[in-house]
Amino acid sequence: MSKSLPTHAQVVIVGGGIIGCSVAYHLTKLGWRDVVLLERRQLTCGTTWHAAGLVAQLRASENMTRLARYSQELYKTLEAETGQATGFHQCGAITVASNSARWEEIRRQASMASCFGVETHELSPAQAQEMWPLMQVDDIVGAFHFPQDARTNPTDTTQALAKGARMGGATILENIKVTDILTVSGKAVGVETEQGTIKADIVVNCGGMWARELGKKAGSRVPLHAAEHYYMITENLEGMHSNLPVLRDMDNHAYYREETGKLLLGLFEPDAVPWGQDGISEHFFFDDLPADMDRVYPYLEKAMQRIPALEHTGIQLLFNGPESFTPDDRYWLGESPETNNLFVAAGFNSVGIQSAGGAGKMLADWIVKGRQPIDLWDVSTTRMMSFQNSSQYLYDRTKESLGLLYEMHWPFRQYNTARGARKSILHDKLLAQGACFGELAGWERANWYAPEGEKAEYEYSFGRQNWFNWQAEEHQAVREGVGLFDQSSFSKFMVQGRDAEAALNRICANNIAVPVGKSVYTQWLNETGTIEADLTVTRVETDGFLIVTAPATHTHVHTWLKRNIAADARVVINDVTSGLMCINIQGPKSRELLNRVSKHDLSSEAFPFATLQEMEIGYATVKALRLTYMGELGWELYIPTEFAPHVYDLLVDKGRELGLKHCGYHTLQSLRMEKAYREFGHDLGADDTPIEAGLSFACDFNKSGGFIGKGALLKQKEHGVNKRLVQFLLEDPEPMMYHNEPIYRDGEMVGYTTSAMYGHTLGASVAMGFVNNEAGVNADYINSGTYEVEIAGKRYAAKASLRPLYDPKSERVKV
Ligand SMILES: Cc1cc2nc3c(=O)[nH]c(=O)nc-3n(C[C@H](O)[C@H](O)[C@H](O)COP(=O)(O)OP(=O)(O)OC[C@H]3O[C@@H](n4cnc5c(N)ncnc54)[C@H](O)[C@@H]3O)c2cc1C
């Protein structure tokens, strides 16, 4: 310990692993010197010291890839900057596929890599073997080389970050345990340590696998759970040298790299062992876990088939170390939704070394600027519900999440663990109809329905999956007849009080000062004019508004409301999600169906589009909202939960003669894609403005009082945009787009798809994606190009359109 404990600091960082040290380093780079990092034992003593040190570039999204690439750039120069060696070495990596499905997966990944700026080269099995002579390739279908991938020494790299932070003025203190996070009125104000108190303006929780317990002290959720993670190191093995690329053999759950003339073999077993559910010992530092040879033996056998030389090479070290996993294998980064000025960077799912540079830079920028520097929704602290911090949920999911890193990343893949947490009251009725459920935000939701006699189970592939034709029938029913969707998982908030209109109108880009009963589609923007939420606000009473949003955005929307409504405003926010179920009736025959269960006048004159009215259905009074996300005539029925089964039974009974069809979320997706309705988190986010997303119509620039982000949007309106969201339809009906497929305009890559689904009415895969052009993008630019979309390395001609390809004038919606 070099210095005594200060009484105050601008920022206190808890945890001296690679993440905490990176946050400290980057804060000092931005000129903040009053930064104190507290480590309960010694730097790197938690998980960091024993990491394998792989530094890959490609992640599942553009921004996550940007962060990983930044880490690499940083580690390259850190030694020269600080004088501390890092062991960084750009040895490259090879990923091999030993079956056709994996081959398609990595070819799709290689296409994605090209639009994220990651260099890849396809290799034949023989070429792969030439680069990795000890590898047996008889069963290999193909491989890709990532020449820029690297490895580093985690301990030395962390020490270099710590040294850089100290050089920038930060104070790093070891052997100081933080025992509490101090809060006042929902705001972090410092920490309590075993040696005394430090007051602070900002506290950052970088406590690794201890971060969940630490967060709880301030009422802040950090859903993560430790799991056992194995690697082994052999004795010296001829042919292993430091320039050998890292080798990933995901079909056998293994990765390999050289370690001082030996071979390091790491495992991502499909059935992991969660660890530390009852708390992690105080004495756990530079420690490992008991290793179970029987457990790893089956993987070792497979490894011997891949690297036959292993058969006669001894294992020098079998290592079992704990690492933190989150329920969706994405880390936590940002300000805590529950506690202002408390930031978190934890739960790194075995990619903490490669992520640390980028994550530390992003968090430091966020702290200094007061807002996220780029769209960090993938790793947002507001992407989950509070129940997902429960230890049982985390324990159960962690068995699956570790292995998923190397499992097939199938389209529509659903979790097998921690299921059944939240169910609509209609769940069992839908099950009886053949529903195949998927999970979102803990909700079990019908994704598609199997016909009688067929199993409601996914058979995954990259092509048309087993449900394709059944789902096509659901789609057709909504386009031509009537479909029923259970959308009870919608998150619903009532915002009420004398100041509700004024407060919400500042948050909403559209004008919500409308008559009672009117519904408004709007975005919520930040000061830079980019999108934080995409939802509907309906005035249900003079001083009361119903906000409906997607379940995955529940915490984000709630937090945004709380943070953007003045503390002294007369406004109350109530989460009414559980009290209101939602049955959505969509299709040209929806009016006819509702006329059969209610005497309410549903004509367009009496019940116009985008309005809400109370109506009686059987014994129930429901709030009916005439709206659509599917491009047809339809009503969302908001029903008090205990009445929902009764209303459902009536609808199903009366709908029989009309051919009413139960429809799932995959149908919702195919319908909304054809109508080019956007989805937050995919097509929209904090890197996009409504102008770029083609949503200017939902911004009211003339309303009194303005709205958050208006200034930035006005500037953009004046200068024009250099990207624009466009809808794409493949000319060939066969290929399947999912998302992240590169888009070419006149042979030049201009962007990638943000979401996609098969459009059964349009007769091919439909996608949305941004078209970028530095010199500006306007309708002429879009319309004058010839487009192609690349899928698994092959380009397909596509039609591009700024207007929805299905019902461009919305005539069907307003009949
Ligand atoms: C076997 C194995 C192999 C891996 N291989 C790779 C790899 O190849 N590439 C890669 O990118 N990642 C890899 N990882 C993952 C990587 O090691 C982690 O993601 C990363 O080290 C996490 O860093 P951290 O700073 O969040 O956690 P930690 O290193 O655990 O740091 C957290 C620190 O907080 C301290 N702390 C906790 N509570 C308190 C408190 N109350 N007061 C003060 N201090 C506190 C702890 O003592 C600890 O030092 C691997 C992990 C394992 C287990």
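**Reading the ligand site and the aromatic residues**

Student: This model is predicted, and I would like to begin with the ligand: which backbone atom lies 2.9 Å from a nitrogen atom of the ligand?

Tutor: A polar contact is a pair of N or O atoms within 3.5 Å. Here the partner of that ligand nitrogen is a polar backbone atom of Ala52, at 2.9 Å. An oxygen atom of the ligand lies 2.6 Å from a polar side-chain atom of Glu323, while an oxygen atom of the ligand is 3.1 Å from a polar backbone atom of Gly352.

Student: How much of the ligand's exposed area does the protein bury?

Tutor: Taken alone, the ligand exposes 1,000 Å², and the protein buries 98% of that. The elements that each give two or more residues to the shell around the ligand are α1 (18-29), β12 (225-236), β17 (315-325) and α8 (352-369).

Student: How many residues surround the ligand, and which are the closest?

Tutor: There are 37 residues around the ligand, the closest being Glu39, Arg40, Thr48, Leu54 and Glu323. By character, the shell divides into 18 nonpolar, 15 polar and four charged residues.

Student: Turning to aromatic rings, how many aromatic pairs does the structure hold?

Tutor: Two rings pair if their centres lie within 6.5 Å. The structure holds 29 aromatic pairs, and one aromatic cluster is formed by Trp410, Phe412, Trp448, Tyr458, Tyr460, Phe462, Trp467, Trp470 and Tyr738.

Student: Which charged residue sits over the ring of Tyr70, and which over the face of Tyr665?

Tutor: The charged end of Lys361 sits over the ring of Tyr70, 5.8 Å from its centre, whereas Arg445 lies over the face of Tyr665, at 3.5 Å from the ring centre.

Definitions and conventions
Residues are numbered from 1 along each chain as its sequence is written. This is a predicted model: local features need pLDDT of at least 70, side-chain atom pairs count only at pLDDT 80 or more; totals for chains, interfaces and linings use all residues. Side-chain values use heavy atoms; hydrogens and water are left out. A residue is near a molecule or strand if one of its heavy atoms lies within 4 Å of it. A polar contact is a pair of N or O atoms within 3.5 Å; within protein, one must be able to donate a hydrogen and the other to accept it, and residues adjacent in sequence count only if both atoms are side-chain atoms. Accessible areas come from the Shrake-Rupley method with a 1.4 Å probe; for residues, only the protein chains shown count as cover. Helices (H or I, at least four residues) and strands (E, at least two) are DSSP runs, numbered from the N terminus. Ala, Val, Leu, Ile, Met, Phe, Trp, Tyr, Cys and Pro count as nonpolar, Asp, Glu, Lys and Arg as charged, and the others, Gly among them, as polar. Rings of Phe, Tyr and Trp (its six-membered ring) pair if their centres lie within 6.5 Å; planes under 30 degrees apart count as stacked, over 60 as edge-to-face and the rest as tilted. A charge sits over a ring if NZ of Lys or CZ of Arg is within 6 Å of the ring centre and within 35 degrees of the ring normal.
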